[in-house]
Amino acid sequence: MAARKRASQNDTGLQVGTSGKHLRSGNEKRHVAALVLARGGSKGIPLKNIKMLAGAPLLGWVLRAAADSEMFDSVWVSTDHDEIEKVAKSWGAKVHRRSPQVSKDLSSSVETIQEFLRHNPEVDIVCHIQATSPCLHPSHLQQALKKILEDGYDSVFSVVRRHQFRWKEVKPDGSEYTHPFNLVPSKRPRRQDWDGELYENGSFYISKRDLILTEGSTQGGKVAYFEMEPEHSVDIDVDIDWPVAEQRILRYGYFGRGVSLMFCKVSGCLTDGRIFLTASGEDMVSIHTKDTTGIRKLQKDDVEVLLLTSSEDPVAQLLADKLKKLTGCEVMQVGEDPLSDVLPVVKERNLDWKDVAYMGNDTADSSCLNLAGLSAVPADASPDAANAAKYTCRLLGGAGAVREFAEHVLLQKEKAKSQMKQDRIDRTNF
């Protein structure tokens with residue numbers, strides 16, 4: 001199915017809504033919203049919704065999939081926590097600040113969605129996406145939404161097929177015996193001879209507005225399911241799932257479309273920010289060969305790298321020619337607000353911010369870190385920059401952090417290529 005057209009950009013490069021093709025009767029456009037519920041008071045894993053997972057906050061994985069599906073007029077996060085709000089906005093989402101009444105331990109998802117809909121009367125269809133499903137892909141959302149937008153269903157939810165035999169639970173006192181629910185033991189089928197059963201996997205629930213407000217449910221009316229592959233059905237509930245989910249994401253997660261341009265600050269990223277003074281009066285900085293190797297890897301994969309020096313860093317300015325010769329990168333100077341200097345470059349190349357990577361380390365970099373499709377800071381970056389970035393390196397600036405981020409960017413590109421290839425195969429076969 002054809003996804004909604006790419007959004008246009010305003011003067012800052014931020015994504016803004018476009019007129020969609022989804023119409024009510026009477027040819028009025030239907031507003032389709034994605035909504036992620038992310039309460040701060042998680043009991044299993046404190047603030048799990050923004051805990052780093054495979055280089056990105058848990059919340060970021062589903063927000064990336066929602067944005068890249070190009071099916072939504074708006075993408076929202078409903079939260080009661082300041083830190084979650086910051087992360088949500090850094091990934092381009094709008095924030096609904098939920099009330100204390102729906103932020104309690106016993107508050108239901110439906111109550112929270114109902115509150116969101118009452119505050120946003122323009123929303124006709126809401127896709128409730130679970131933040132704990134980090135292997136969600138844009139294609140899942142595109143195909144599921146088609147069932148409502150084109151096939152006439154009122155609600156759609158995600159399921160996964162399992163081949164598990166279920167037995168009745170009994171008390172340990174031995175007063176009753178167990179028996180199977182979906183199995184005749186004497187005729188136990190082989191896995192390949194049994195279709196299995198469908199279970200909700202909790203990735204998403206898509207519903208029309210009236211269904212949620214009048215019936216108090218996300219499932220009703222003409223109901224359909226969308227079956228997801230087992231490898232994409234990851235649900236994080238307890239801490240022990242975290243390393244398992246991380247490995248699953250590295251293999252099956254959605255890594256975006258890849259980037260073609262990367263900005264990298266010199267001081268604090270490519271160098272450690274220190275200036276060495278020699279007895280002869282020369283000023284020197286140190287650059288790790290790991291980082292120059294990382295830059296060359298990006299260039300080899302057709303990623304243009306622009307090095308950014310600051311007017312407040314005269315040493316790096318003096319070394320601009322040497323940096324260009326050493327790395328093969330153009331070097332440009334930025335002022336107190338790097339965004340105002342790099343934005344013309346993005347526009348000149350006719351790129352979306354999703355196509356751009358940015359590596360910075362200071363508060364002044366926060367706007368660029370927020371906007372870039374991929375962004376990173378070294379391990380010793382300022383707190384403001386770290387909060388704005390989508391990836392925090394394990395290594396320090398000037399000590400391999402650029403190489404680490406370069407490899408992350410290349411991994412994303414490789415994943416994106418594989419996904420596009422698989423999408424072409426799927427369209428050919430089905």
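How many bridges join strand 3 to strand 6 (residues 74-79)? The legend to View 1 answers this.

The model is predicted; local features need pLDDT of at least 70, side-chain atom pairs count only at pLDDT 80 or more, and totals for chains, interfaces and linings use all residues. Residues are numbered from 1 along each chain as its sequence is written, and side-chain values use heavy atoms, with hydrogens and water left out.

**View 1. Strand 3 and its partners, strand 6 and strand 8.** Strand 3 covers residues 31-37. Helices (H or I, at least four residues) and strands (E, at least two) are DSSP runs, numbered from the N terminus. The answer is 5: that many bridges join strand 3 to strand 6, and the two run parallel. Two strands pair if DSSP finds at least two bridges between them. Leu35 faces Trp76 of strand 6. Strand 3 also pairs with strand 8, in the parallel sense, over 6 bridges. There, Ala34 stands opposite Cys127.

**View 2. The two sides of strand 3.** Here 7 of the 7 residues are buried. Buried means under 20% relative accessible area, exposed over 50%, partly exposed in between (1.4 Å probe, protein chains only). His31, Ala33, Leu35 and Leu37 point one way. Val32, Ala34 and Val36 point the other way. Residues on both sides are buried.

**View 3. Pro134 in its loop.** The loop with Pro134 runs between strand 8 (123-129) and helix 4 (138-149). Pro134 counts as buried because its relative accessibility is 1%. Pro134 and Ile249 are 115 residues apart in sequence, yet their C-alpha atoms are 7.1 Å apart in space.

**View 4. The open sheet of 6 strands.** The strand order is 16-15-12-17-18-19, with parallel pairing. Strand 16 and strand 19 (391-392) stand at the edges; each has a single partner strand, so one side of each lacks a neighbour in the sheet. Strand 12 (residues 261-265) and strand 15 run parallel, joined by 5 bridges. Phe263 has Leu306 of strand 15 as its bridge partner.

**View 5. Strand 15 beside strand 16.** Strand 15 (residues 304-310) runs parallel to strand 16, and 5 bridges join them. Of the 7 residues in strand 15, 6 are buried. Leu308 has Met332 of strand 16 as its bridge partner. Thr309 stands opposite Gln333 in strand 16.

**View 6. Thr309 in strand 15.** Thr309 lies in strand 15. Is Thr309 buried or exposed? Thr309 is buried, because its relative accessible area is 1%. Thr309 and Val266 are 43 residues apart in sequence and 5.7 Å apart in space, C-alpha to C-alpha.

**View 7. A patch of negative charge on the surface.** Glu312, Glu336, Asp337, Asp362 and Asp384 gather here. Patches are made of residues with over 30% relative accessible area and no salt bridge (a side-chain nitrogen of Lys or Arg within 4 Å of a carboxyl oxygen of Asp or Glu). Like charges are joined within 9 Å. Accessible areas come from the Shrake-Rupley method with a 1.4 Å probe. Asp and Glu count as negative, and the charge is placed at CG of Asp or CD of Glu. Glu336 lies in the loop between strand 16 (330-334) and helix 11 (338-348). Glu336 counts as exposed because its relative accessibility is 69%.

Terms used: Patches are made of residues with over 30% relative accessible area and no salt bridge: like charges are joined within 9 Å, nonpolar side chains (Val, Leu, Ile, Met, Phe, Trp, Tyr) within 5 Å.
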